[in-house]
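Colleague: Before I plan anything at the bench, I would like to go through this model with you, one question at a time. Could you keep each answer tied to what was computed?

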Amino acid sequence: MISPKEQEIILQLAAEITGLVPTAKTPPTAIFANVERRMAELGISSVVKYLQHVDKHPEEHSHLVSALTIHTTSWFRENPHFVIFQEMLLDTVKKNETFKLWCAACSTGEEVYSFGLILEEFRRVHPGFDYRILGTDIDPVSVASAKRAIYPKKQIDFHLSRYKRHLLEGSGKTEGLFTVSKAIRDRCQFRIHDLRSPQLLEEGPFHACVCRNVLIYFPNETVNLVVGNLVRNLKSMGRLLLGHSESVPTSEHGLTSEGHSVYMKRPPNQRGESKPTTKYRILSVDDSLMARKFLEKTFTNMGFESITVASGSEATNYLNFNDVDLVTLDLHMPDVSGDKWLASERSEGLRTPVVIISETRSGEAADVVKLLSLGADHFIEKSKLSENPLALKETLLELIRSGLNSRSKPAVQRKNAPPKQRPRLIMIGASTGGPQALVKVLQNMPADVPPIVITQHISPKFARPLAERLSEVSGLRLGPSEDHTRLLPGHIYMSFGDYHLGIEEEDEALILRTSTAPPFNGHRPSVDHMFNSVIGLEGPLMAILLTGMGRDGSLGLRFLHKEGVYCVAQSEEDCVVYGMPREAIERGAVNFVGNLDDIRNLIINAVKLTRAAS
């Protein structure tokens with residue numbers, strides 16, 4: 001058993017050799033187990049003796065690096081990336097280019113060959129197309145394994161029928177093993193590479209770089225270094241594909257978020273078009289001196305101009321004479337509570353995005369939800385401010401830009417083709433800004449409205465209070481969200497925890513199906529999961545996509561639109577964040593675009609249609 005002191009030595013080595021720094025989310029237990037396993041293989045009893053062995057036997061260094069590397073890979077990881085990926089290939093065919101892909105931190109090669117199978121199948125359908133894949137990893141042992149390209153047959157749990165022609169199964173001594181075709185292996189190469197190295201790879205520049213579930217192991221300064229190196233090796237308009245839980249600061253690296261943790265490298269003539277973050281001004285309202293100092297340091301380090309005040313009255317005085325791009329607000333202040341201050345300022349015409357940054361005491365979840373439904377755009381717990389600074393910065397930037405756009409852009413022309421039939425089911429997806437949007441859309445619904453299933457990106461702590469608030473304002477009953485719940489008219493349904501909601505038909509009745517499948521688009525519950533669950537469902541349906549960051553729901557909405565489902569998106573000038581609806585609208589996946597009042601009236605009119613028909 002490795003002692004605590006030996007564990008410190010191992011972690012130091014990991015940081016120096018690979019740059020990986022384990023955290024609470026990425027514990028170091030796997031690294032300790034790797035080192036212990038290697039020591040047992042060599043019959044060495046202590047870490048110090050093992051390191052002495054490495055010094056005496058240089059060939060052992062490869063095994064040390066391998067032990068200090070966290071290996072997480074599998075076949076066909078993160079399916080949404082493969083859907084986006086195939087859309088990229090069609091562009092390459094039009095340009096008559098050889099498609100170049102870089103799988104960074106490729107481990108033992110499963111990811112490389114997953115893309116190889118897709119590309120080879122694409123090449124079979126498009127004979128003029130060709131491709132090259134580079135797989136790199138810091139671990140020499142994994143790279144050697146990737147080059148061999150021999151895997152246990154039990155790993156074939158992907159679309160075997162589709163790719164069988166490109167797989168070679170072993171027999172005799174190689175029974176139970178498989179490899180990929182020579183055509184794929186000839187187009188794939190592997191080598192050792194440290195992602196912290198700034199070198200331009202001779203195989204590039206690349207149309208796409210895949211680096212999934214790697215950044216989570218690096219400290220923030222290393223993340224910026226690595227992302228810069230990855231982007232440097234991309235073509236203009238090339239894509240960077242990250243893990244679903246990873247995000248990067250787009251403005252610092254000349255990237256545009258396309259959702260699903262996919263980023264496009266902007267052309268040189270588009271760099272710097274967005275307003276520099278140093279000019280964005282954040283006003284923080286908090287009565288705690290320690291909290292104000294912490295917020296000021298946090299936002300200044302992100303490149304914002306940070307102003308702090310101690311009370312609501314000071315904030316009002318400041319706003320009377322100064323413009324800001326975003327306000328952060330504490331719930332608990334001595335002169336006036338955060339909710340009363342916000343209600344007053346909104347009534348006076350404040351349109352600046354407001355983020356609640358506070359600690360919620362026991363029983364206050366409903367108060368937070370009320371704030372979110374009455375004018376706050378987002379909520380962040382103080383204790384989680386330091387968890388993921390990159391994601392936080394991107395969230396604040398998105399809110400600021402959306403706020404500026406909503407104040408400067410005129411209303412856009414709407415799509416308003418009305419529904420022709422009463423839907424038997426209404427699905428609504430929302431994210432940032434969703435609580436206030438949902439309250440407005442669902443106010444005073446007809447009692448006989450079809451069942452409404454809602455997927456809102458929100459902490460489980462606030463999910464049930466939000467659902468209860470929606471039940472209150474809508475006049476509809478709040479149904480349970482348990483697996484196999486039968487959906488009834490006049491009810492709303494929403495996920496109350498860390499699980500997806502889907503809908504199926506059983507004996508002509510609609511039922512809820514809960515799922516703990518991995519997060520989709522970085523979210524659980526996911527709007528796309530809900531939309532995808534009803535593909536092929538009989539009868540008229542209505543799917544609505546409201547304000548939110550990213551693109552969750554846009555892909556599912558496109559599939560539903562193709563099937564004839566009536567699809568609705570919130571208009572740009574009405575969104576807190578336009579990301580999710582914009583993706584759907586740009587994909588041509590909607591029948592109706594309107595503000596929240598338009599959408600509410602649309603639902604009510606759809607119900608009236610049925611009354612007339614019946």
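Modeller: Since we shall be sorting lining residues, I take Ala, Val, Leu, Ile, Met, Phe, Trp, Tyr, Cys and Pro as nonpolar, Asp, Glu, Lys and Arg as charged, and the others, Gly among them, as polar. Please keep in mind that this is a predicted model.

Colleague: How do the residues of the lining of the second largest cavity divide into nonpolar, polar and charged?

Modeller: The search of the whole structure finds two cavities of 30 Å³ or more, and the second largest has a volume of about 30 Å³. Its lining is made up of Gln456, Ile458, Ser459, Pro460, Ala463, Ser495, Phe496, Gly497 and Pro525. Sorted by the classes above, these lining residues come to five nonpolar, four polar and no charged.

Colleague: Which helix supplies the largest share of the lining of the second largest pocket?

Modeller: That pocket, the second largest, has a volume of about 590 Å³, and of its 26 lining residues the closest to its centre are Arg346, Asp377, Gln436, Asp574 and Val576. The lining divides into nine nonpolar, 11 polar and six charged residues. Helix H15 (365-374), helix H16 (389-408) and helix H17 (434-442) each supply at least two residues of this lining, and the largest share, four residues, comes from H17.

Colleague: Is Ser471 buried or exposed?

Modeller: Ser471 is found in helix H18, which covers residues 460-474. Leaving aside neighbours within four places in sequence, Ser471 is in contact with Leu476, Arg477, Leu478 and Ile492. Because its relative accessibility is 15%, and the cut-off for this class is under 20%, Ser471 counts as buried.

Colleague: How far apart in helix H9 are Asp186 and Lys182, in helical turns?

Modeller: The side chains of Asp186 and Lys182 meet in a salt bridge of 2.8 Å, N to O, and Lys182 is exposed, with a relative accessible area of 54%. An α-helix has 3.6 residues a turn, so residues three or four places apart point the same way. Because Asp186 and Lys182 are four residues apart in helix H9 (residues 182-186), their separation is about one helical turn.

Colleague: How many residues apart in sequence are the parts that Arg513 and Asp483 tie together?

Modeller: Arg513 forms a salt bridge with Asp483, with the closest N and O atoms 2.9 Å apart. Arg513 lies in strand S21 (residues 509-515), whereas Asp483 lies in the loop between strand S18 (477-478) and strand S19 (491-494), so the parts that the pair ties together are separated in sequence by 30 residues.

Key: Residues are numbered from 1 along each chain as its sequence is written. This is a predicted model: local features need pLDDT of at least 70, side-chain atom pairs count only at pLDDT 80 or more; totals for chains, interfaces and linings use all residues. Side-chain values use heavy atoms; hydrogens and water are left out. On a 1 Å grid over the protein atoms alone, a cavity is a set of points where a 1.4 Å probe fits but cannot get out, and a pocket is an open set with protein on both sides within 12 Å along at least five of seven lines; lining residues have an atom within 4 Å of a point. Grid points are joined across faces, edges and corners, and a volume is the space filled by probe spheres set on the points. Buried means under 20% relative accessible area, exposed over 50%, partly exposed in between (1.4 Å probe, protein chains only). Contact means heavy atoms within 4.5 Å. A salt bridge is a side-chain nitrogen of Lys or Arg within 4 Å of a carboxyl oxygen of Asp or Glu.
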